[in-house]
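Thanks for sharing this one with me. Below are my notes as numbered points, to be read with the structure open.

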Amino acid sequence: MMATLTRSTPITLAVITVLVAAFVAAGVGLFKLTVGGAIALYFVVWWTLLFAVLPLRNQPETRPSHVVPGQDPGAPVAPRLREKAIWTTLVAGAAFLIALAVFPLTGL
(Lines give C-alpha, C1' and ligand atoms only; values in the text may rest on other atoms or scores of the structure.)
Protein backbone atom coordinates (compact mmCIF):
# COMPACT_ATOMS: atom_id res chain seq x y z
CA MET A 1 0.00 0.00 0.00
CA MET A 2 2.73 2.48 0.97
CA ALA A 3 4.69 1.61 -2.19
CA THR A 4 1.66 2.63 -4.27
CA LEU A 5 1.25 5.92 -2.42
CA THR A 6 4.93 6.80 -2.72
CA ARG A 7 5.42 5.78 -6.35
CA SER A 8 5.59 9.38 -7.53
CA THR A 9 5.77 12.84 -6.02
CA PRO A 10 2.36 14.02 -7.36
CA ILE A 11 0.60 10.98 -5.86
CA THR A 12 2.36 11.51 -2.52
CA LEU A 13 1.47 15.21 -2.49
CA ALA A 14 -2.16 14.40 -3.31
CA VAL A 15 -2.35 11.91 -0.44
CA ILE A 16 -0.77 14.38 1.98
CA THR A 17 -3.12 17.16 0.85
CA VAL A 18 -6.20 14.99 1.40
CA LEU A 19 -4.98 13.89 4.84
CA VAL A 20 -4.12 17.43 5.94
CA ALA A 21 -7.50 18.70 4.72
CA ALA A 22 -9.24 15.96 6.73
CA PHE A 23 -7.31 16.74 9.92
CA VAL A 24 -7.85 20.49 9.57
CA ALA A 25 -11.56 19.94 8.87
CA ALA A 26 -11.78 17.78 12.00
CA GLY A 27 -10.10 20.53 14.02
CA VAL A 28 -12.49 23.13 12.66
CA GLY A 29 -15.63 21.02 12.93
CA LEU A 30 -15.06 19.20 16.21
CA PHE A 31 -13.02 21.69 18.20
CA LYS A 32 -14.29 25.03 16.84
CA LEU A 33 -10.92 26.29 15.59
CA THR A 34 -10.68 28.81 12.81
CA VAL A 35 -9.34 27.48 9.52
CA GLY A 36 -6.20 29.60 9.79
CA GLY A 37 -5.61 28.56 13.40
CA ALA A 38 -6.05 24.88 12.58
CA ILE A 39 -3.67 25.09 9.61
CA ALA A 40 -1.06 26.98 11.66
CA LEU A 41 -1.21 24.56 14.58
CA TYR A 42 -1.14 21.51 12.30
CA PHE A 43 1.87 22.94 10.42
CA VAL A 44 3.83 23.44 13.66
CA VAL A 45 3.03 19.91 14.85
CA TRP A 46 3.87 18.41 11.42
CA TRP A 47 7.17 20.26 11.09
CA THR A 48 8.24 19.32 14.63
CA LEU A 49 7.41 15.64 14.13
CA LEU A 50 9.15 15.56 10.76
CA PHE A 51 12.47 15.87 12.55
CA ALA A 52 11.54 12.95 14.80
CA VAL A 53 10.56 10.74 11.84
CA LEU A 54 13.46 11.55 9.49
CA PRO A 55 16.15 9.46 11.22
CA LEU A 56 13.98 6.34 11.57
CA ARG A 57 15.03 3.22 9.64
CA ASN A 58 18.03 4.86 7.95
CA GLN A 59 20.90 2.59 6.92
CA PRO A 60 24.24 4.19 6.01
CA GLU A 61 26.07 3.21 2.84
CA THR A 62 28.51 0.40 3.72
CA ARG A 63 29.74 -0.55 0.23
CA PRO A 64 32.99 1.36 -0.38
CA SER A 65 32.39 1.35 -4.14
CA HIS A 66 29.20 3.40 -3.70
CA VAL A 67 30.62 6.07 -1.40
CA VAL A 68 31.33 9.33 -3.23
CA PRO A 69 34.32 11.43 -2.13
CA GLY A 70 33.07 14.05 0.30
CA GLN A 71 29.92 12.11 1.16
CA ASP A 72 28.94 12.04 4.80
CA PRO A 73 29.58 8.54 6.17
CA GLY A 74 26.18 8.54 7.88
CA ALA A 75 24.21 9.51 4.76
CA PRO A 76 21.37 7.02 4.22
CA VAL A 77 21.38 4.67 1.24
CA ALA A 78 17.67 5.20 0.63
CA PRO A 79 16.13 8.01 2.71
CA ARG A 80 12.51 7.19 1.62
CA LEU A 81 11.40 10.81 2.01
CA ARG A 82 8.00 10.32 0.38
CA GLU A 83 7.17 7.49 2.78
CA LYS A 84 8.35 9.55 5.73
CA ALA A 85 6.25 12.52 4.62
CA ILE A 86 3.12 10.35 4.67
CA TRP A 87 4.00 8.83 8.06
CA THR A 88 4.71 12.30 9.44
CA THR A 89 1.32 13.49 8.18
CA LEU A 90 -0.46 10.59 9.90
CA VAL A 91 1.43 10.89 13.19
CA ALA A 92 1.06 14.68 13.20
CA GLY A 93 -2.67 14.31 12.56
CA ALA A 94 -3.05 12.04 15.58
CA ALA A 95 -0.93 14.36 17.75
CA PHE A 96 -2.90 17.38 16.47
CA LEU A 97 -6.26 15.83 17.37
CA ILE A 98 -5.00 14.64 20.76
CA ALA A 99 -3.66 18.13 21.53
CA LEU A 100 -7.00 19.65 20.59
CA ALA A 101 -8.84 17.16 22.80
CA VAL A 102 -6.55 17.81 25.79
CA PHE A 103 -6.09 21.58 25.54
CA PRO A 104 -9.03 23.97 25.18
CA LEU A 105 -7.99 25.96 22.10
CA THR A 106 -11.42 27.03 20.91
CA GLY A 107 -11.26 30.09 18.69
CA LEU A 108 -7.55 29.81 17.89
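1. Let me begin with the handedness of one helix pair in this predicted model. Helices α3 and α4 cross in a right-handed manner. Their axes, taken for α3 (residues 35-53) and α4 (residues 81-102), come within 8 Å and cross at roughly 130°. Because angles over 145 degrees would be needed for roughly antiparallel, that crossing makes α3 oblique to α4.

2. The contact behind this crossing is worth a look, residue by residue. On the α3 side the participants are A38, L41, Y42, V45, W46, L49, L50 and V53. On the α4 side they are K84, A85, T88, T89, V91, A92, G93, A95, F96 and L100. By class, the α3 and α4 contact comprises 14 nonpolar residues, three polar ones and one charged.

3. T88 deserves a point of its own. This threonine is found in helix α4. T88 has a relative accessible area of 0%, so the residue counts as buried. Leaving aside neighbours within four places in sequence, the contacts of T88 are W46, L49, L50 and V53. Those four residues also appear on the α3 side of the contact with α4.

4. Next comes the pairing of α2 with α4. Here the helices pack at an angle of about 0°, and their axes are 10 Å apart. That angle makes α2 roughly parallel to α4. From α2 the contact draws on T9, T12, V15, I16, L19, V20, F23, A26, G27 and F31. Facing them in α4 are R82, A85, I86, T89, L90, G93, A94, F96, L97, L100 and A101. The α2 and α4 contact divides into 15 nonpolar, five polar and one charged residues.

5. The remaining pair to discuss is α2 with α3. Their axes come within 9 Å, crossing at roughly 125°, and α2 and α3 are therefore oblique to each other. The crossing of α2 and α3 is right-handed. V20, F23, V24 and V28 of α2 meet V35, A38, I39 and Y42 of α3. What classes of residue make up the contact of α2 with α3? Eight are nonpolar, with no polar and no charged residues in the α2 and α3 contact.

6. How many residues does the largest nonpolar core have? It has twelve: F23, V24, L33, A38, L41, Y42, V45, W46, L50, A92, F96 and L100. Helices α2 (9-31), α3 and α4 each supply at least two residues of this core. The largest share, six residues, comes from α3.

7. If you want one residue to centre the view on, I would suggest F23. This phenylalanine belongs to the twelve-residue core. Not counting residues up to four places away in sequence, F23 touches Y42, T89, L90, G93, A94, F96 and L97. F23 is listed in the contact of α2 with α4 and in the contact of α2 with α3.

8. Finally, please check two loop residues for their backbone. K32 lies in the loop between α2 and α3, and the phi of K32 is near 60°, a positive value in a residue other than glycine. At 54% relative accessibility, K32 counts as exposed. R57 sits in the loop between α3 and α4. Its phi is likewise positive, near 60°, in a residue other than glycine. R57 counts as exposed, at 59% relative accessibility.

Definitions and conventions. Residues are numbered from 1 along each chain as its sequence is written. This is a predicted model: local features need pLDDT of at least 70, side-chain atom pairs count only at pLDDT 80 or more; totals for chains, interfaces and linings use all residues. Side-chain values use heavy atoms; hydrogens and water are left out. Axes are lines fitted to C-alpha atoms, for helices over the stretch in contact, and angles run from 0 to 180 degrees between N-to-C directions. Angles under 35 degrees count as roughly parallel, over 145 as roughly antiparallel, 65 to 115 as roughly perpendicular and the rest as oblique. A crossing is left-handed if the near helix is turned anticlockwise from the far one by less than a right angle, and right-handed if clockwise. Contact means heavy atoms within 4.5 Å. Ala, Val, Leu, Ile, Met, Phe, Trp, Tyr, Cys and Pro count as nonpolar, Asp, Glu, Lys and Arg as charged, and the others, Gly among them, as polar. A nonpolar core is a set of buried Ala, Val, Leu, Ile, Met, Phe, Trp, Tyr and Cys residues joined through side-chain atoms within 4.5 Å. Buried means under 20% relative accessible area, exposed over 50%, partly exposed in between (1.4 Å probe, protein chains only).
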